[in-house]
Amino acid sequence: MGDFFSEMSDAEYNQFIEDIISKKPLTDEMIRAMLSVTDRNSLKKMYDAAVSVKERYFGNDVYLYSFVYFSTYCKNQCAFCYYNAKNKIDRYRITPEELREMCGELKNTGVHMIDLTMGEDPHFHNTPENLLEFVRITKEVTGLPVMVSPGVVDNDFICALQEAGADFFALYQETYQEELYGKLRVGQSFEERAAARNNAKAAGICIEDGILTGFSKMKMSNGETINPSVSDDIESAIVSIHGMQKADPDQVRVMTFEPQPGTPLAETTQASDLMELKVISILRFVFPDRLIPASLDVAGIPGMVDRLNAGANVVTSIISADSKLEGVVNFDRDVSLNERQRDAKSVIEKLHEMGLERGSQESFEAYLNRSKS
Ligand SMILES: C[S@@+](CC[C@H](N)C(=O)[O-])C[C@H]1O[C@@H](n2cnc3c(N)ncnc32)[C@H](O)[C@@H]1O
Ligand SMILES: C[C@H](CCN)[C@@H](N)C(=O)O
Ligand code: SF4
């Protein structure tokens, strides 16, 4: 028995691509069928279709974001996250002076935007001026657009971030399967998280939403169980893709959950990237003209190649080679700093090998301005 792509004639396959480009919606049956594809040739056809759609809107342009994880303190206890408040790890918080120095180094590396990310650190959550100062420093020193990833903050804070110069607000729902959400973002309101992203959109800031895959075999260290139909990646992805559509995000992502030491989900079996690659292609079919990241945090530059070849057009989590800062998933946590290959120069070299180009800063900022209007 064939699958969604193997049964298509060449004419039907080309028509499928044209339908996607003209934004014909996918049915749940189509999404389920695509997520169920396992045959290598059919996967290649799915990825190639996604790349064809991406090329129609973005050509060979790829955009690069530098990642500044400026505070790893957090008051939350997300079951999947290394920086979970209960995890006994070394944490850091950089100073405004250190940020200024880092921005000076990042300024001319070829990145299009700086992503300022933090745990939900009370030092910034209880005193918003501390984060607003970081946004202003980054804008002043680099002159580049700034993404903020502060976690859930109230509307006044969001409006102040917009006034301080924030261009993008990243806040990932992880899943729109609310029972699964409750097991992942323990004690955190689903509605408040979604509302913060909507408030950022209303404040005129571009927004990024995102989901995780890799929970089909989740194992809670406290012995708690979860209904397999709730943690099933295919059903969760379908619910989540529709959930993300509601807020009309300017960027959408998917990442593979990587179990982290010292966390409630540490014993979960690490899933392959396959589901992430399929979801990237389906995100391209559902959001044909939007930014879709390939995160270096999950599988570095080798992983970036697969994700770009599945329809992504942004490379994120770029960390300069000598940086002492962390990633989030940190696939390379155990690699010594100077062996980490997540710098912009290495990324751009690989893009050229792939026949891709670093997009112009003008085209990136034109996208931001179109999205904000
Ligand atoms: C951007 S970082 C921190 C920003 C902010 N504290 C927040 O939670 O939104 C948080 C994101 O990284 C991703 N993440 C965290 N731990 C992960 C893991 N172990 N595997 C994959 N993705 C992970 C999740 O999507 C999560 O929303
Ligand atoms: C998850 C992080 C992004 C936050 N806005 C970063 N490590 C990434 O993978 O892009
Ligand atoms: S995902 Fe964000 S909020 Fe959750 S524990 Fe990690 S840093 Fe904190």
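On a 1 Å grid over the protein atoms alone, a pocket is an open set of points with protein on both sides within 12 Å along at least five of seven lines, whereas a cavity is a set of points where a 1.4 Å probe fits but cannot get out; lining residues have an atom within 4 Å of a point. In this predicted model, the second largest pocket holds about 230 Å³ of space, the largest pocket about 330 Å³, and the largest cavity about 650 Å³. For these volumes, grid points are joined across faces, edges and corners, and the volume is the space filled by probe spheres set on the points. Ligand 1, ligand 2 and ligand 3 each sit in the largest cavity.

Local features in this predicted model need pLDDT of at least 70 and side-chain atom pairs count only at pLDDT 80 or more, while totals for chains, interfaces and linings use all residues. Residues are numbered from 1 along each chain as its sequence is written, chains are lettered from A and ligands numbered from 1 in the order in which they are written, and side-chain values use heavy atoms, with hydrogens and water left out.

**The largest cavity**

- The structure holds one cavity of 30 Å³ or more.
- The largest cavity is lined by 38 residues, among which Y69, Y172, E174, R185 and V328 are closest to its centre.
- Its lining comprises 18 nonpolar, twelve polar and eight charged residues (Ala, Val, Leu, Ile, Met, Phe, Trp, Tyr, Cys and Pro count as nonpolar, Asp, Glu, Lys and Arg as charged, and the others, Gly among them, as polar).
- At least two lining residues come from each of β1 (61-71), β2, β6 and β8; helices (H or I, at least four residues) and strands (E, at least two) are DSSP runs, numbered from the N terminus.
- A molecule is said to sit in a cavity or pocket if more than half of its atoms lie within 2 Å of its grid points, and ligand 1 meets this criterion for the largest cavity.

**Ligand 1**

- Ligand 1 is surrounded by 20 residues, with M118, E174, R185, R193 and E258 the closest; a residue is near a molecule if one of its heavy atoms lies within 4 Å of it.
- Polar contacts are pairs of N or O atoms within 3.5 Å, and one joins an oxygen atom of ligand 1 to a side-chain N or O atom of R193 at 2.9 Å.
- Backbone atoms also take part: a nitrogen atom of ligand 1 lies 2.9 Å from a backbone N or O atom of E258, and a nitrogen atom of ligand 1 is 3.0 Å from a polar backbone atom of F80.
- On its own, ligand 1 has 560 Å² of accessible area, of which the protein covers 94% (Shrake-Rupley method with a 1.4 Å probe).
- The shell around ligand 1 contains ten nonpolar, six polar and four charged residues, and β2 and β6 each supply at least two residues of that shell.

**Ligand 2**

- The shell of ligand 2 has 14 residues, of which D115, S149, S295, D297 and T316 come nearest.
- Nitrogen atoms of ligand 2 figure in two side-chain contacts, with an N or O atom of D297 at 2.5 Å and with an N or O atom of S317 at 2.9 Å.
- An oxygen atom of ligand 2 lies 2.7 Å from a polar side-chain atom of T316.
- Taken alone, ligand 2 exposes 300 Å², and the protein buries 96% of that.
- Strands β2 (113-118), β3 (146-149), β6 (251-256) and β8 (314-318) each give at least two residues to the shell around ligand 2, which divides into six nonpolar, five polar and three charged residues.

**Ligand 3**

- The residues around ligand 3 are Y69, C74, N76, C78, F80, C81, N84, G119, E120 and R185.
- Five nonpolar, three polar and two charged residues make up the shell around ligand 3.

**Pockets**

- The largest pocket, of about 330 Å³, is lined by 17 residues, with M102, E105, S323, K324 and L325 closest to its centre.
- β1 and α4 (96-106) are the elements giving two or more residues to the lining of the largest pocket, and α4 gives the most, with five.
- By class, the lining of the largest pocket has nine nonpolar, three polar and five charged residues.
- The second largest pocket has 15 lining residues, of which Q245, F285, V286, F287 and P288 lie nearest its centre.
- Helices α11 (233-245) and α12 (274-286) each supply at least two residues to the lining of the second largest pocket, with α11 giving the most, three residues.
- Eight nonpolar, two polar and five charged residues form the lining of the second largest pocket.

Terms used: Polar contact = N/O pair within 3.5 Å; in protein donor to acceptor, adjacent residues only side chain to side chain.
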